[in-house]
Amino acid sequence: MEHNTTIGIDVSDKTSKICMMTKINGERRIIDEATVKTSREGFSKYLADKDHSIPVVFETGTHCRWMRDLIARDLHFKVYVANPAKLPTITQSNTKNDRNDARELARIALADPEMLHPVHLREEDYQTMIRYAKARDAAMGVRTKLTNMIRGFGKSMGFRIESCTPEKFVDLDRSEWPSELRNVVLPLVKVLKETNAVIKKYEKMIRNLARKSPFKEKVERVQEIYGVGDIIGPVFVAVIGGDLSRFRVARDIGPVLGFTPKQDQSGTIDKQLHETKAGDKLMRRLLVEGANVIMKENARDTDLKLKGYRICMRGGKITKAKAKIAVARALAVTMTALLMKPDMKYVPLSERAEREFAWLREEEARRQQAKAGKPNMA
């Protein structure tokens, strides 16, 4: 959609630069420039006498959510929330400053708003779930760091602490630990106990929110998949928000979560590049954790497990890592498909996959026999 006038806002923490630009006979002209406080009062005062048909543009950031609610819902302006990662004319400019950034946002919106790569912002319920998950993740990071530090202290004293899960670390018998180690780490162990309690509290908050609208039915739907538990399911539903209309097919979730490779093609040259790793980092990590569960040797056979099993059968050093990424992406696609088609019956293991599992395991057994030099009894 083309516009004749736009308002670009470069948002800083305390003050923001605003540029109103118009297009007259093909020429772009600046109508007004201002500096306002980055607050509800500051933006409301500036926009009070402006035409509501003029779109307002700003980038994603700390303030973008409440600004969207204020300007779009309360003040009734059309809002574009630009993706700064897709705007090299701003991020890589040699004359980058707040005033020029506001001008550039207004200029791009005048040319073509799609060039802003507008971002879909989640509703508050979904964002609350994301906050719970990120707070839990931060606490888990603290626990991992402290646990590794304590183990490192022990190794430096010639003592190796027995292996266990992070949750059980605080319950280990410390009577045989060197007294020097106990004296140093006892305060840290107390912090670990408190951190465990914080993690459990956030997990409870996530489960409680997942039982309410708009999560309940969607979370129960994706949890039909083996490997999708009390954390992956609710967080996935929150990450994609309630708007599935932006996905033409379920596979469109791959680029959103950064599970597709970058492209650099020119003429006959087509480079093979790594994944974009765009989107939510926490969600990608949770999906890989789900892939780990799905691909465990003692996990039940599913179509998703077969996808990873095929890749692992190729052999090589990095096939297992590639298999996890492939299964993580397939897991996201499957969850999206179930949400897009709530009446579709989910079949974890198809008959074809069951036959292929049997054949692949026979092949693996033959390979192991040949490797060990044993005769093939088949």
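In which sense, parallel or antiparallel, do strand E1 (residues 5-11) and strand E4 (residues 56-59) pair? They pair in the parallel sense, over two bridges. Welcome to this predicted model. This briefing visits a sheet with its helices, and then one residue, Asp280.

**The sheet**
- Five strands form an open sheet in the order E3-E2-E1-E4-E5, and the pairing is mixed.
- Strand E3 (27-37) and strand E5 (79-82) are at the edges with a single partner strand each, so each has one side without a neighbour in the sheet.
- From one strand to the next, the twist averages 20 degrees.
- As background, strands of a sheet pair through backbone hydrogen bonds.
- For a place to look where E1 meets E4, find Gly8, whose bridge partner in E4 is Val57.

**Helices on the sheet**
- Helix H1 (residues 40-47) packs on the sheet and touches E1, strand E2 (15-24), E3 and E4.
- The direction of H1 makes about 145 degrees with that of E3.
- Helix H4 (residues 98-111) lies across E1, E2, E3, E4 and E5, and it runs at about 35 degrees to E2.

**A look at Asp280**
- Asp280 sits in the loop between strand E7 (269-270) and helix H10 (281-294).
- With a relative accessible area of 11%, Asp280 counts as buried, because the cut-off for buried is under 20%.
- Beyond its neighbours within four places in sequence, Asp280 is in contact with Arg122, Lys134 and Val239.
- Asp280 and Ile130 are 150 residues apart along the chain, and their C-alpha atoms are separated by 9.9 Å.
- The side chain of Asp280 also reaches the backbone nitrogen of Leu282, at 3.1 Å.

Notes:
Residues are numbered from 1 along each chain as its sequence is written. This is a predicted model: local features need pLDDT of at least 70, side-chain atom pairs count only at pLDDT 80 or more; totals for chains, interfaces and linings use all residues. Side-chain values use heavy atoms; hydrogens and water are left out. Two strands pair if DSSP finds at least two bridges between them. Helices (H or I, at least four residues) and strands (E, at least two) are DSSP runs, numbered from the N terminus. Axes are lines fitted to C-alpha atoms, for helices over the stretch in contact, and angles run from 0 to 180 degrees between N-to-C directions. Contact means heavy atoms within 4.5 Å. Buried means under 20% relative accessible area, exposed over 50%, partly exposed in between (1.4 Å probe, protein chains only). A polar contact is a pair of N or O atoms within 3.5 Å; within protein, one must be able to donate a hydrogen and the other to accept it, and residues adjacent in sequence count only if both atoms are side-chain atoms.
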